[in-house]
Amino acid sequence: MKRMITIIALVLSIGNAFAQSTEKDSLKMEKAVQDSVKQELKESEKKAKALDKAIADTLRYRAAVNAINHKEFVMQADEVTFMRGREVEVSSALNYVAIDSVRAIVQVGVAGISIDGKITQIETHTSKKGNVSVSMEVMGVRASVRVELLLHHGDNEADVTIVPNFVTGRVFLSGVVIPASLSNTVRQIGR
């Protein structure tokens with residue numbers, strides 16, 4: 001009888017130990033699955049954000065190309081670089097190139113350039129990589145400038161080189177190209 005009780009007690013204790021071990025393993029496995037799901041969720045959120053950014057960049061690029069092709073755009077600068085490499089962050093309200101069909105306004109407040117004139121000799125070219133370049137002369141009443149714009153493929157970011165005929169040197173602008181209808185700058189100049 002003692003043997004029987006000992007065997008039953010031993011079986012019950014092994015069963016309890018096995019149940020506790022199985023419960024611990026089950027909890028560990030459940031935590032591992034939760035961690036895996038959390039990691040996959042984070043990765044999918046990261047991919048979704050990257051996809052959203054890529055779509056937004058493409059839409060801005062297409063809007064900029066369309067505006068350039070219709071010659072109704074504004075390049076709003078947020079940075080000006082001078083000949084000797086000095087860079088200055090600037091306000092786009094005072095530093096821009098605005099194009100409206102046959103008329104252009106080139107305004108670089110920190111460089112003292114302000115030309116409102118007629119566009120002549122305009123050329124547009126799209127490279128194999130999708131970069132769009134625009135080259136033009138803007139003839140004002142007292143002066144003229146040569147404007148070279150490069151819209152980078154995949155976004156509406158652009159660089160502009162301005163070569164005035166009334167001073168020596170060049171001025172480089174960095175910023176974004178947007179349709180003229182969306183620009184607050186254009187509204188400020190009374191169009």
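Which residue takes a positive phi in the hairpin of β3 and β4, and how many residues lie between the strands?

The model is predicted, so local features need pLDDT of at least 70 and side-chain atom pairs count only at pLDDT 80 or more, while totals for chains, interfaces and linings use all residues. Residues are numbered from 1 along each chain as its sequence is written, and side-chain values use heavy atoms, with hydrogens and water left out.

**Exercise 1. Work out the hairpin and the strands around it.**

Step one answers the opening question: the hairpin has two residues between its strands, and Ser 101 takes a positive phi near 60°. Ser 101 is a residue other than glycine, and its place is the loop between β3 and β4 (helices, H or I of at least four residues, and strands, E of at least two, are DSSP runs numbered from the N terminus).

Step two turns to exposure, where buried means under 20% relative accessible area, exposed over 50%, and partly exposed in between, with a 1.4 Å probe and protein chains only. Ser 101 has a relative accessible area of 33% and is therefore partly exposed. In strand β3 (residues 95-100), by contrast, five of the six residues are buried, so the strand is largely enclosed by the rest of the structure.

Step three lists the partners of β3, given that two strands pair if DSSP finds at least two bridges between them. With strand β4 (residues 103-108), β3 pairs in the antiparallel sense over six bridges, and Val 97 has Val 106 in β4 as its bridge partner. Strand β1 (residues 72-82) also pairs with β3 in the antiparallel sense, over five bridges, and Glu 72 stands opposite Asp 100 in β3.

**Exercise 2. Describe the nonpolar cores.**

Step one sets the rule: a nonpolar core is a set of buried Ala, Val, Leu, Ile, Met, Phe, Trp, Tyr and Cys residues joined through side-chain atoms within 4.5 Å. In soluble globular proteins, nonpolar side chains tend to be buried together.

Step two applies the rule: the largest core has 34 residues, and Leu 151 and Leu 173 have the most contacts inside it. A second, separate core of six residues includes Tyr 96, Ala 98, Ile 178 and Ala 180.

Step three looks at the surroundings of Leu 173, taking contact to mean heavy atoms within 4.5 Å. Leaving aside residues up to four places away in sequence, Leu 173 touches, among others, Met 75, Val 97, Val 108 and Ile 162.

**Exercise 3. Follow the salt bridges of Asp 57 and of Glu 137.**

Step one is the count: a salt bridge needs a side-chain nitrogen of Lys or Arg within 4 Å of a carboxyl oxygen of Asp or Glu, and by this rule there are seven.

Step two takes Asp 57, which is buried because its relative accessible area is 9%. Its side chain meets that of Lys 53 at 2.7 Å, N to O, and that of Arg 60 at 2.2 Å, N to O. Lys 53 and Asp 57 both lie in helix α1 (residues 2-69), four residues apart, and Arg 60 lies in that helix three residues from Asp 57. Lys 53 is exposed at 51%, whereas Arg 60, at 36%, counts as partly exposed.

Step three takes Glu 137, which forms a salt bridge with Arg 146, their closest N and O atoms being 3.4 Å apart. Glu 137 is buried at 17%, while Arg 146 is partly exposed at 22%. Elsewhere, salt bridges that share partners join Lys 53, Asp 57, Arg 60 and Asp 155 into one network.
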